[in-house]
Structure formats: structure tokens, C-alpha cells
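Student: I'm new to this one. Could you pick a single part and take me through it closely?

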Amino acid sequence: LHDVSEHGAMLQCAVKEGRSIPVRSMLTFHWPKGDDHPQYGIVRWVRATQQGYQRLGVEFIRGKVKPAQLQFINLRSAMMQDRKWPALLRKTKHGWQVWMETREQHHSPLTVSIETADSPDSNICRIYPIRIYGYNYSVFRITEVLSMEEIKAMALMHGKEEKKSVDELDF
């Protein structure tokens, strides 16, 4: 680790055959106790050296950031999926952002359960993509918090919709 500042750092690491860290990847740092540098960063540039190393320009994710886990909620059944996805919650002046670890670029809102290690309860939220994507993350904005009753009502509404036949489609 070189040239550490309040905004970022230059990281040098050995490159394994065919493996490199792409630009726009999200990284986690584990600093010694008492070090107040941010724990998360985004790779902004990459350069290879003649000695076989990779140099990364990393911009720190500033502000109030905390690790979380997401579970997707299937609105048709009001059930949560078994898998939990790692995420970061970041407080901004416009509300909470969710930085979800994914290689997909999401374009539609999602309904998720969000939990953090320091909170015993999870929050069921509707999150909307804000068109910020990286190699291994997508950023969303939390737009509303839902109750379990609202989720169940949505599931009931899905079940009551009449299905169209293929002949009724109109494009």
C-alpha cells in the first residue's frame, strides 16, 4: 500500500496468471486497530509494471458506511430467498444507498430484507437502481420501508391477477 491519503491510496499487488483486478471493482481493507482509514474503496485505475505487479488507484468510499446482508423477497409468494447477498449501506444527504455485490446491472426496483450485524431486526425495503455500476457492484437507493402486511397484500394481489393467453398479447 502506497501514497495513502484521506481520499484513497495506491495499492501494488502481484498478478497471478490471467487474473487481475478490474477497474470499478469494490475492495475491502482490513486496517490495523486504531487506524481510521475507510474500510471500503473502488478501483479507479489499473497499471501493470514490468516486474509483474499490478498497481491500483483506489478511491475510498467516504461517509457513514456499514456492512449489511440482503435477501430478495419473492412478491408472488411473500417468501425470502435462502441466499444472503453482501452489501454496504451508505448514508448520504439524499438518504440511504445500498451498494450490492453483484455482477448484474439491475434496472428495475427490488424488494429486499436488509439486516446488519448491530441490528437485531431486518427492514423490508423497496430499493431502486441509481445507475451506478461497477465490476462487482450495483448501487441502489432505499425508497420505502414496507411492513410484512404490505408484502403479504402484494403477494395476494399477484395471485388474483388474471393471466392473459398468448393470443391476447398486444405488442
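Tutor: Sure, and one term comes up right away: contact means heavy atoms within 4.5 Å. Keep in mind that this is a predicted model, where local features need pLDDT of at least 70, side-chain atom pairs count only at pLDDT 80 or more, and totals for chains, interfaces and linings use all residues. Residues are numbered from 1 along each chain as its sequence is written, and side-chain values use heavy atoms, with hydrogens and water left out.

Let's start at Ile127. Leaving aside residues up to four places away in sequence, Ile127 touches Val98, Pro109, Leu110, Val112, Phe140, Arg141 and Ile142. Ile127 also belongs to the largest nonpolar core, which has 14 residues. A nonpolar core here is a set of buried Ala, Val, Leu, Ile, Met, Phe, Trp, Tyr and Cys residues joined through side-chain atoms within 4.5 Å. Buried means under 20% relative accessible area, exposed means over 50%, and partly exposed is in between (1.4 Å probe, protein chains only). Leu70, Val98, Leu110, Val112, Ile114 and Ile127 are the members that touch the most others in this core. Two or more residues each come from strands E5 (64-74), E7 (85-92), E8 (95-101), E9 (110-115) and E10. As a general point, nonpolar side chains in soluble globular proteins tend to be buried together.

Strands (E, at least two residues), like helices (H or I, at least four), are DSSP runs numbered from the N terminus. Two strands pair if DSSP finds at least two bridges between them.

Now follow E10 to its partner. E10 and E11 run antiparallel and are joined by eight bridges, and the two form a hairpin with three residues between them. One of the bridges puts Arg126 together with Glu144 in E11. E11 (residues 137-146) also pairs with E8, again antiparallel, over five bridges. There, Glu101 stands opposite Tyr137 in E11.

One more thing to look at in E10, which covers residues 123-133, is Arg131. Its phi is near 60°, a positive value in a residue other than glycine. In general, most residues other than glycine have a negative phi. So is Arg131 buried or exposed? Arg131 is exposed, with a relative accessible area of 71%.
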